[in-house]
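Biologist: I've got a new model on my screen and I'd like to learn how to read it properly. Could you walk me through it, feature by feature?

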Amino acid sequence: MERPSATAAVLLLLLLAAAVFAGLPSPSHAWGVHGHLMICQIAQGRLSDAAAKAVDDLLPSDAGGNLSSLCSWADRVRFRYHWSEPLHFIDTPDDLCTYDYDRDCKDEEGVKGRCVAGAINNYTSQLLTYAPSSSSPSSSSSGQYNLTEALLFLSHFIGDVHQPLHVGFSSDRGGNTIDVHWYRRKTELHHVWDVNIIETAEKDYYDQGTADFVDALTKNITGEWSGKVEGWEECGKNLTACPDIYATEGIAAACDWAYKNVTEDSTLSDEYFDSRLPIVNLRLAQGGVRLAATLNRIFDQTTTK
C-alpha cells in the first residue's frame with residue numbers, strides 16, 4: 001500500500017490521531033501506553049548526537065523533540081492503516097517454544113515478511129535512506145518513504161517484539177483468547193502483560209508512576225545490568241537491526257513465564273506478579289537499550305554518507 005506523502009497535513013494527522021484515540025481503551029496488541037512510553041524514554045536518553053538530531057528532525061514540530069509522546073502512535077493508526085495490524089506480532093506453532101523467521105513471519109494469508117520482525121527490518125531499511133539537510137527544517141521524506149512514519153513504526157515495533165506474548169502461540173493469538181482474573185478483575189493473559197503488571201508495579205512501588213519506573217530501570221541499566229548492556233546492543237553479522245534475536249528471546253520468555261502454569265480462568269495474583277515483574281522490567285530495559293542502539297546504527301551511517 002502506498003504511504004501518504006510527508007506534508008504538513010500528514011504531520012498534523014499524526015498528532016490528531018494520537019489525541020483522538022488517547023482516551024480509548026488500549027487494544028490488547030502491544031505493551032500499553034506506559035510500556036511504550038518507558039521504552040522510548042530510555043532509548044532517547046541513550047541516543048548518539050547524530051541519532052538525536054535525526055529523531056528531532058523527523059518528529060513533528062509539536063512533539064517538542066519527545067519521541068515518547070508518539071511512541072504509541074502505531075497502535076492508534078491501526079484503525080486507519082488496517083494493513084499494519086499483523087506487523088505488531090508473530091504467531092508461532094503451539095508448544096514448540098521456538099521462533100523461525102522463514103516459518104513464522106507471515107500474515108494470516110501467508111504473505112511472507114508481514115510480522116513484527118519483518119516490519120522492523122522494513123522500517124530500518126527505509127530510515128537508512130534518511131539524508132540530513134541543512135537547507136530544510138525537516139527531512140521527513142525520502143523518495144517514496146515517509147520517514148516520520150518509519151521512525152514511529154520502528155520505535156513502536158521494537159517495543160512490541162520485547163513483549164513476550166507478541167511472539168506467542170497461534171491458537172490463542174498470543175494469549176488474547178485466554179481469559180484470566182488479575183486479582184479480582186477479569187481480563188485476558190495478553191492484557192496482563194501489556195498493562196496489568198506494569199500498572200500494579202506503578203501502584204505498589206512507584207509514587208510518581210511511570211517517571212519513577214523509568215528512573216528505576218535506568219539505574220538498573222547503568223548499575224546491576226551494566227555488564228550485560230553491550231551484549232543487548234550487539235547485532236552481529238554487521239546487521240543494523242536484529243529482530244530475530246529479540247523474537248527468539250520473546251517466545252522463550254512467553255513459554256517460561258507468561259504461559260507457565262496459566263490455564264483458562266486462572267486467577268493471577270501476588271505469586272504471579274512477584275515472579276513475572278522482573279521479566280517485564282528486563283524486557284522494558286532491553287527494548288529501550290536496543291531501540292537506541294538501532295537508531296544509533298541507522299543514523300550514524302546516514303550522516304557519514
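Biologist: Let me start with one residue: does Ala247 count as buried or exposed?

Modeller: The cut-off you need is that buried means under 20% relative accessible area. Ala247 comes in at 0% relative accessibility, so it counts as buried. It lies in helix H11, which covers residues 243–258.

Biologist: And which residues is Ala247 in contact with, leaving aside its neighbours within four places in sequence?

Modeller: Ile90, Tyr99, Val161 and Val167. Take Val167: it is 80 residues apart from Ala247 along the chain, yet their C-alpha atoms are separated by 6.2 Å.

Biologist: Before I get attached to any of this, how far should I trust the coordinates?

Modeller: Good instinct, since this is a predicted model. The mean pLDDT of the protein is 90, and 87% of its residues reach 70 or more. Two stretches call for care. Over residues 1–29 the pLDDT stays under 50, although the model has 53 contacts beyond four places in sequence for them. Residues 134–138 are also below 50, and that stretch has two contacts beyond near neighbours in sequence.

Biologist: OK, now the whole chain. How many helices and strands does the protein have, and what share of its residues count as buried?

Modeller: There are 12 helices and seven strands. Of the 305 residues, 53% count as buried. The accessible surface comes to about 13300 Å², and carbon and sulfur atoms account for 51% of that. For the contact map, look at sequence separation: among contacts with a separation of 6 or more, 76% are between residues 24 or more positions apart.

Biologist: Can you show me another case of residues far apart in sequence?

Modeller: Try Thr148, which sits in helix H7, residues 147–161. Thr148 and Val55 are 93 residues apart in sequence, while their C-alpha atoms are 8.7 Å apart in space. Thr148 has a relative accessible area of 1%, so it is buried.

Biologist: Next, sheets. In what order do the three strands of the open sheet lie?

Modeller: The general idea is that strands of a sheet pair through backbone hydrogen bonds, either parallel or antiparallel. Here the order is E6-E5-E7, with mixed pairing. Strand E6 (185–188) and strand E7 (266–268) each have a single partner strand, so one side of each is left without a neighbour in the sheet. On average, neighbouring strands are turned by 40° against each other, ignoring direction.

Biologist: How many bridges join E5 to E6?

Modeller: Four, and the two strands run antiparallel; E5 covers residues 179–182. You can follow the pairing residue by residue: His181 has Lys186 as its bridge partner in E6, and Trp182 stands opposite Arg185.

Biologist: Which helix packs on this sheet?

Modeller: H8 does, touching E5, E6 and E7, and its direction makes about 125° with that of E6. A residue to look at in H8 (residues 189–205) is Asn196. Not counting residues up to four places away in sequence, Asn196 touches Trp182, Thr187 and His191.

Biologist: Asn196 has a polar side chain, so where does it sit: buried or exposed?

Modeller: Its relative accessible area is 4%, so Asn196 is buried. The side chains of Asn196 and His191 are joined by a polar contact of 3.1 Å.

Biologist: Last topic: backbone torsions. What should I look for?

Modeller: Most residues other than glycine have a negative phi, so positive values are worth a look. One turns up in the hairpin of E5 and E6, which has two residues between the strands: Tyr183 takes a positive phi near 55°.

Biologist: Where is Asp95 found, and what is its phi?

Modeller: Asp95 is in the loop between strand E1 (90–92) and helix H5 (101–104). Its phi is positive, about 70°, although Asp95 is not a glycine. With a relative accessible area of 62%, Asp95 is exposed.

Biologist: And what about Asn238: buried or exposed?

Modeller: Asn238 counts as exposed, at 82% relative accessibility. It lies in the loop between helix H10 (226–233) and H11, and its phi is near 55°, again a positive value in a residue other than glycine.

Conventions. Residues are numbered from 1 along each chain as its sequence is written. Side-chain values use heavy atoms; hydrogens and water are left out. pLDDT is the predictor's confidence in each residue, from 0 to 100. Contact means heavy atoms within 4.5 Å. Buried means under 20% relative accessible area, exposed over 50%, partly exposed in between (1.4 Å probe, protein chains only). Accessible areas come from the Shrake-Rupley method with a 1.4 Å probe; for residues, only the protein chains shown count as cover. A polar contact is a pair of N or O atoms within 3.5 Å; within protein, one must be able to donate a hydrogen and the other to accept it, and residues adjacent in sequence count only if both atoms are side-chain atoms. Two strands pair if DSSP finds at least two bridges between them. Axes are lines fitted to C-alpha atoms, for helices over the stretch in contact, and angles run from 0 to 180 degrees between N-to-C directions.
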